[in-house]
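Work through the exercises below with the sequence and the structure at hand, and try each task before reading its solution.

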Amino acid sequence: MERFDTFLDTILDGEKDKDLLKPIFMEQMVRDYKYYRKKGYGDQEAADQTLYYFGTREAVLKKRDDFELQDEHKKFLEWYPKLIRGGLACIAVIPLLFLFLIFTLEAKLRFLVLWIVSIIIIAVFLILVDYKHYQYKDLLEKREDNRP
């Protein structure tokens, strides 16, 4: 376990989130070590296999990026239903308001244009929110497929 601590200190040297990442990586390394021990590896071999898995700086940084992506996705998922509901509410209320103004006021052309533009803007907003959701889902699935 001391080898793991030294290894992580070397790999994460200079990283701004070192104190946050080190316990997460240490827990995962210990879990991998125990897995290799259960498979019948000796102490030294299990530690070597674990260090080999985490052996490159790129692998550690990729794992950090995975954690950050998952955190971003979780935050987005908290807002996603609210954004969709808000967009659908806006697409129901705002165009109806402009439609009402078209028939009650003199400037019919101006409100007709605002009515059309409002529908387009809200539709684009909903498309962008859903596309962002799709991007997160697709990226996380691709990263899951590339895991050992």
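## Exercise 1: a bridge beyond a helix

Asp 43 counts as partly exposed, because its relative accessibility is 48%. The model is a predicted one, and the values in these exercises are computed from it.

Task: find which side chain meets that of Asp 43 in a salt bridge, and how far apart N and O are.

Solution. The partner is Arg 37, and the N to O distance is 3.1 Å, which satisfies the 4 Å cut-off for a salt bridge. Turning to the exposure of the partner, Arg 37 has a relative accessibility of 37% and therefore counts as partly exposed. Both residues also appear in the packing of two helices, since Arg 37 is listed among the contacting residues of H2 and Asp 43 among those of H3. Just after H2, Gly 40 takes a positive phi of about 105°.

## Exercise 2: bridges within helices

Task: state how many salt bridges the rule gives, and work out what separates Asp 71 from Lys 75 in helix H4.

Solution. The count comes to 4 salt bridges. One of them joins Asp 71 and Lys 75, whose closest N and O atoms are 3.6 Å apart. These two residues lie 4 residues apart in helix H4 (residues 57-104), so about one helical turn separates them. An α-helix has 3.6 residues a turn, so residues three or four places apart point the same way. Asp 71 itself is partly exposed, because its relative accessibility is 36%.

A further bridge can be treated in the same steps: the side chains of Lys 142 and Asp 138 meet at 3.4 Å, N to O. They are 4 residues apart in helix H5 (residues 108-145), and are therefore separated by about one helical turn. Lys 142 is partly exposed, with a relative accessible area of 48%, and Asp 138 is likewise partly exposed, at 24%.

## Exercise 3: helix lengths

Task: compare the span of H2 with the span that 1.5 Å a residue should give, and do likewise for H5.

Solution. Helix H2 (residues 18-38) holds 21 residues, so at 1.5 Å a residue it should span 30 Å, and its end C-alpha atoms are indeed 30 Å apart. H5, with 38 residues, reaches 55 Å from its first C-alpha to its last, close to the expected 56 Å. The buried residues of H2 include Leu 21, Phe 25, Met 29 and Tyr 33, while those of H5 include Phe 111, Ile 122, Leu 126 and Leu 140.

## Exercise 4: the packing of H2

Task: describe how H1 and H3 are each placed against H2, using the angle and the handedness of each crossing.

Solution. Begin with helix H1 (residues 2-11), whose axis comes within 10 Å of that of H2 and crosses it at roughly 140°. That angle makes H1 oblique to H2, and the crossing is right-handed. Next, H2 and helix H3 (residues 43-53) pack at an angle of about 135°, with their axes 9 Å apart. H2 is therefore oblique to H3, and this crossing, too, is right-handed.

The contacts complete the solution. On the H1 side, Phe 4, Phe 7 and Leu 8 are among the residues that meet a set in H2 including Phe 25, Met 29 and Tyr 33. On the H3 side, the H2 residues in contact include Met 29, Tyr 33 and Tyr 36, and the H3 residues include Ala 46, Ala 47 and Leu 51. Met 29 and Tyr 33 thus belong to both sets of contacts, and both are buried.

Definitions and conventions: Residues are numbered from 1 along each chain as its sequence is written. This is a predicted model: local features need pLDDT of at least 70, side-chain atom pairs count only at pLDDT 80 or more; totals for chains, interfaces and linings use all residues. Side-chain values use heavy atoms; hydrogens and water are left out. The expected span of a helix is 1.5 Å times one less than its number of residues. Buried means under 20% relative accessible area, exposed over 50%, partly exposed in between (1.4 Å probe, protein chains only). Axes are lines fitted to C-alpha atoms, for helices over the stretch in contact, and angles run from 0 to 180 degrees between N-to-C directions. Angles under 35 degrees count as roughly parallel, over 145 as roughly antiparallel, 65 to 115 as roughly perpendicular and the rest as oblique. A crossing is left-handed if the near helix is turned anticlockwise from the far one by less than a right angle, and right-handed if clockwise. Contact means heavy atoms within 4.5 Å.
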